[in-house]
Amino acid sequence: MRGMAAAMGKLLLPVEALQVQAELSAAVLLLAFHRGAAPERILAVAVAALCGAHWLCACGMRPLFAWLGSDLGSTMLDCQILAGACMVAMRANRSYPLGIGGAQIVVIAVDLLRMFRPEISQFAHQVMAIAASWVQLGVLAAGLAGHIRRQRTHGRYPSWRKHLTPLPEGDPKLPETR
């Protein structure tokens, strides 16, 4: 098949699919910086970095920290992206960052599965990780479209929540704990 390599460590996925994902990621990143608010910009950079990292891994870049047949550098990057997505999801006045975080949990699970089950093929690992990043890209694009639509219909609205938990109705102070 054109674009497929048989040897381990070489490009295992079609170059065209990775190229399309990189181009769509760049388009969403540019749109997020042009029309999005802070949560969209933060998540767009995270998703673009993740797509770039998976592209480098799929192209056969040697692992930075290999352990049990898995690239710990990629797993650490995935964990950092999950932490960033969770922080944005907790504070942002939007719900779509939860979808990005959920897809990132799938990516980390795939990394851990490959680490502890080395008999899983590298091709299957790459397909599962890249499929999750496609989901993240789609969720980010849908969230960005929703943000643009809300701005158009309702005007400006806050990007961040003021409190993680709502305050009691009548009393502006937090209740005392004993």
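This is a dialogue about how to read a predicted model of one protein chain.

User: I'm new to this one. How many helices and strands does the chain have?

Analyst: Start with the secondary structure, then read its order. This predicted model has five helices and two strands. Along the sequence, the elements follow the pattern α-α-β-β-α-α-α.

User: What share of the 178 residues is buried?

Analyst: Here buried residues make up 35% of the 178 in the chain. For the outside, look at the accessible surface: it comes to about 10,800 Å², and carbon and sulfur atoms own 68% of that.

User: How do I read contacts along the chain? What percentage of those with a separation of 6 or more join residues 24 or more positions apart?

Analyst: Sort the contacts by how far apart the partners sit in sequence. In this chain, 72% of the contacts with a separation of 6 or more are between residues 24 or more positions apart.

User: Let's go inside. Which residues touch the most other members of the largest nonpolar core?

Analyst: When you read a core, look for the members with many neighbours. This core has 15 residues, and Leu-43, Val-47, Tyr-96, Ile-100 and Leu-140 touch the most other members. Helices α1, α2 (38-58), α3 (72-91) and α5 (122-154) each give at least two residues to this core.

User: Can we zoom in on one member? What does Leu-43 touch, leaving out residues up to four places away in sequence?

Analyst: Its partners are Ala-85, Val-88, Tyr-96, Pro-97, Ile-100 and Leu-140. Two of those, Ala-85 and Val-88, also appear among the buried residues of α3.

User: Which other residues of α3 are buried?

Analyst: Besides that pair, you'll find Gly-73, Ser-74, Thr-75, Asp-78, Ile-81, Leu-82 and Ala-89.

User: How do I judge a helix's length? What span should the 20 residues of α3 have at 1.5 Å a residue?

Analyst: Compare the expected span with the distance between the end C-alpha atoms. For α3 the expected value is 28 Å, and the ends are 29 Å apart, so the two agree. Now try α5: its 33 residues reach 47 Å from the first C-alpha to the last, close to the 48 Å expected. Just after α5 comes Gly-155, with a positive phi near 85 degrees.

User: Where is Val-28, and which residues does it touch beyond those up to four places away in sequence?

Analyst: Val-28 sits in helix α1. Its relative accessibility is 13%, so it counts as buried. Val-28 touches Leu-137, Leu-140, Ala-141 and Leu-144, again leaving out residues up to four places away. You can also check backbone distances: the C-alpha atoms of Val-28 and Ala-44 are 7.0 Å apart, with their positions 16 residues apart along the chain.

User: What about charges? How many salt bridges does a search of the whole structure find?

Analyst: It finds one. Glu-40 pairs with Arg-94, and their closest N and O atoms are 2.5 Å apart. Glu-40 is in helix α2 while Arg-94 is in the loop between α3 and α4 (97-116), so the pair ties together parts 54 residues apart in sequence.

User: Are those two partners buried or exposed?

Analyst: Check the relative accessible area of each partner. For Glu-40 the value is 0%, so this residue is buried. Arg-94 is buried as well, at 5%. Aside from neighbours within four places in sequence, Glu-40 is in contact with Ala-32, Arg-94, Tyr-96, Leu-140, Leu-144 and His-147.

User: And past the last helix residue, where is Ser-159 found?

Analyst: Ser-159 is in the segment after α5. Its 16% relative accessibility makes it buried, because the cut-off is under 20%. Not counting residues up to four places away, Ser-159 touches Ala-37, Ala-38, Pro-39, Arg-91, Ala-92, Asn-93 and Arg-94. Notice that Arg-94 is also the salt-bridge partner of Glu-40.

User: Back to the outside: which residues make the nonpolar surface patch of about 240 Å²?

Analyst: To read a patch, list its residues and then check how open they are. This one is made by Val-20, Leu-24 and Trp-134. Leu-24 lies in helix α1 (residues 15-35) and is partly exposed, with a relative accessible area of 41%.

User: One last residue: where does Val-135 lie?

Analyst: Val-135 is in helix α5. At 46% relative accessibility, it counts as partly exposed. The C-alpha atoms of Val-135 and Gly-99 are 8.5 Å apart, though the two residues are 36 apart along the chain.

Notes:
Residues are numbered from 1 along each chain as its sequence is written. This is a predicted model: local features need pLDDT of at least 70, side-chain atom pairs count only at pLDDT 80 or more; totals for chains, interfaces and linings use all residues. Side-chain values use heavy atoms; hydrogens and water are left out. Patches are made of residues with over 30% relative accessible area and no salt bridge: like charges are joined within 9 Å, nonpolar side chains (Val, Leu, Ile, Met, Phe, Trp, Tyr) within 5 Å. Accessible areas come from the Shrake-Rupley method with a 1.4 Å probe; for residues, only the protein chains shown count as cover. A salt bridge is a side-chain nitrogen of Lys or Arg within 4 Å of a carboxyl oxygen of Asp or Glu. Buried means under 20% relative accessible area, exposed over 50%, partly exposed in between (1.4 Å probe, protein chains only). A nonpolar core is a set of buried Ala, Val, Leu, Ile, Met, Phe, Trp, Tyr and Cys residues joined through side-chain atoms within 4.5 Å. Contact means heavy atoms within 4.5 Å. The expected span of a helix is 1.5 Å times one less than its number of residues.
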